[in-house]
Protein chains: 2
Amino acid sequence: MYSLAEENYLKAIYHLESKNKGAVSTNAIAEAMDTKPSSVTDMVQKLAEKKVLSYIKYKGTSLTEKGKKTAANVIRKHRLWEVFLVEKLNFHWDEVHDIAEQLEHIHSEELISRLDKFLGFPDFDPHGDPIPDKHGNIKPTEKKLLSELHKNQKGVCVGVKESNSEFLQYLDKKHITIGTKISVLGKEFFDGSMVIQVGRDQFFISQKIAENLYIQTN
Amino acid sequence: MYSLAEENYLKAIYHLESKNKGAVSTNAIAEAMDTKPSSVTDMVQKLAEKKVLSYIKYKGTSLTEKGKKTAANVIRKHRLWEVFLVEKLNFHWDEVHDIAEQLEHIHSEELISRLDKFLGFPDFDPHGDPIPDKHGNIKPTEKKLLSELHKNQKGVCVGVKESNSEFLQYLDKKHITIGTKISVLGKEFFDGSMVIQVGRDQFFISQKIAENLYIQTN
DNA sequence: TTTTATTTTTAGGGATGGCTAAAATTTGGT
DNA sequence: ACCAAATTTTAGCCATCCCTAAAAATAAAA
């Protein structure tokens, strides 16, 4: 059983490691956790003793398999609770983070298992981030067409399939460019149309548009 | 904002005070919290400074209005979460206490307000205990007929209305006597019949039985 | 390569919330 | 009223998790 502080460190290190690939620096952890580097050193040494990460003085840390699994489990809980807050309690997707930040530390395997079922075993949280399974595995994601995304999935625009000027002008008008983050808020099975979120704006797009945008879902 | 430890102390003192009426002793708190009297003294002095309880050395403590309201709010959260766990996640009513003990400390007024609505503004938790409203008030309860209880309400048998021997023999067979705790698990509006819990047993009773048992719901 | 800047660790300490042991106070029996 | 027993408080200490200040190691620049 890990303390609240330990879980938060593991989570932060997990995120940093998956973003930058490679050992994570003490300063990077301190910044992410909004704390001081000296505090990080203390905690990292403690966590190394618990075998959830490997730590070499002055060289940074990286999670062990045990640490990754523990961190992924906290993230799983966070994202499942976010789905609950949005889908069941009708919170807006940008209001739920602080509450989920608390709920993610509730200790009960059974609770999460039942919550998962209650929510219909969702694959993505309301921000479009993937929900790890109970073993800490995240479905691998790669470049795909926007039209292939599910509801609640999100990604970054990495290209277009056909690039005629009308299409590019349309993208321009909607402020979609390479690097733009797009979330699928809703999807109509009947015609493949979607409601998407781009920055602060939410709007409807047809299947034709969705089939011509490449998205990196990672 | 109160810490986890502070909230637990307030809750324990609230329960002790409502059971025994009058100032609560240090030892009683220590026993309820499974801690040492010296630790209780420390915390009680801290809470007295925060004006949530009044404390006189060697004489015990009692909650101020502020303290009562804070404690009732924690209890409200605990009981609402219990309803969620039983009604939505299909936990059994005797499995939910430890999880609710954690969930009760999540800080978000908005969350509880929405949870309350999501659950249909329940008046009682799955153990039959009343759920305080957002101002910390609990509906006053008194002696009533078992037939007047709602689903999930509970109470202690304090008497019978008609006492013919067949009825008393029936009660005996079902192990119902003065002081027996009875919970209403289900109620049929059509004929007023109920499913009740008595100790470890759950069984069906007719409206006629329910109309002849006095229950103290407090 | 040597100096300077940055990063990281160590040392020492503070707040919270718990503990044991000993002292103080109250309660109860005679 | 007095002594013994029980209760309660105080004093001093421990673990967790954070901090500042100073020292050590590494990285960058001249």
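## Exercises on a protein–DNA model

A phosphate oxygen of DNA strand C has a backbone N or O atom of B:Lys36 at 3.1 Å, which is a polar contact (a pair of N or O atoms within 3.5 Å; within protein, one must be able to donate a hydrogen and the other to accept it, and residues adjacent in sequence count only if both atoms are side-chain atoms). The model is predicted, with local features needing pLDDT of at least 70 and side-chain atom pairs counting only at pLDDT 80 or more, while totals for chains, interfaces and linings use all residues. Residues are numbered from 1 along each chain as its sequence is written, chains are lettered from A and ligands numbered from 1 in the order in which they are written, and side-chain values use heavy atoms, with hydrogens and water left out.

### Exercise 1: the surface near DNA strand C

Describe which residues come nearest to DNA strand C, and state which elements supply the surface near it.

Step 1. A residue is near a strand if one of its heavy atoms lies within 4 Å of it. There are 22 residues around DNA strand C, and those that come nearest are A:Tyr55, B:Ser3, B:Thr35, B:Ser39 and B:Lys46. Of the atoms of DNA strand C that come within 4 Å of the protein, 78% belong to sugar and phosphate.

Step 2. Besides B:Lys36, a backbone N or O atom of A:Tyr58 lies 3.1 Å from a phosphate oxygen of DNA strand C, whereas B:Tyr58 places a side-chain N or O atom 3.4 Å from a sugar or linking oxygen of this strand.

Step 3. Helices (DSSP runs of H or I, at least four residues) and strands (E, at least two) are numbered from the N terminus. At least two residues each of the surface near DNA strand C come from α2 (26-33) and α3 (37-49) of chain A and from α1 (4-20) and α3 (37-49) of chain B, and the largest share, five residues, is that of α3(B).

Step 4. By class, this surface holds seven nonpolar, ten polar and five charged residues, where Ala, Val, Leu, Ile, Met, Phe, Trp, Tyr, Cys and Pro count as nonpolar, Asp, Glu, Lys and Arg as charged, and the others, Gly among them, as polar.

### Exercise 2: the surface near DNA strand D

Carry out the corresponding description for DNA strand D, starting from the residues that come nearest.

Step 1. Around DNA strand D there are 21 residues, of which A:Ser3, A:Thr35, A:Ser39, A:Lys46 and B:Tyr55 come nearest. Sugar and phosphate make up 76% of the atoms of this strand within 4 Å of the protein.

Step 2. A phosphate oxygen of DNA strand D lies 3.1 Å from a backbone N or O atom of A:Lys36, and a polar side-chain atom of B:Thr41 lies 2.8 Å from a phosphate oxygen of DNA strand D. A:Tyr58 has a polar side-chain atom 3.4 Å from a sugar or linking oxygen of DNA strand D.

Step 3. α3(A) gives the most to the surface near DNA strand D, with five residues, and the residues of this surface divide into seven nonpolar, ten polar and four charged.

### Exercise 3: the faces of α3(A)

Which residues of α3(A) are buried, and why do they line one face of the helix?

Step 1. The expected span of a helix is 1.5 Å times one less than its number of residues. For the 13 residues of α3(A) this gives 18 Å, which agrees with the 19 Å between its end C-alpha atoms.

Step 2. Buried means under 20% relative accessible area, exposed over 50% and partly exposed in between (1.4 Å probe, protein chains only). The buried residues of α3(A) are A:Val40, A:Met43, A:Val44 and A:Leu47. Down the axis of α3(A) these residues fall within an arc of 105°, so they line one face of the helix; the arc is that of the directions from the helix axis to the C-beta atoms.

Step 3. On the other side of α3(A), the exposed residues are A:Ser38, A:Asp42 and A:Glu49. The cover over the buried residues includes α1 (4-20), α2, β1 (53-56) and β2 (60-63) of chain A, with contact meaning heavy atoms within 4.5 Å.

### Exercise 4: the faces of α6(A)

Identify the buried residues of helix α6 of chain A, and name elements that cover them.

Step 1. In α6(A), residues 109-118, A:Leu111, A:Ile112, A:Leu115 and A:Asp116 are buried. Their arc, seen down the axis of α6(A), is within 130°, so they line one face of the helix.

Step 2. The face turned away from the buried side of α6(A) carries exposed A:Glu109 and A:Lys117, while the buried residues are covered by elements including α4 (65-88) of chain A and α4 (65-88) and α5 (97-103) of chain B.
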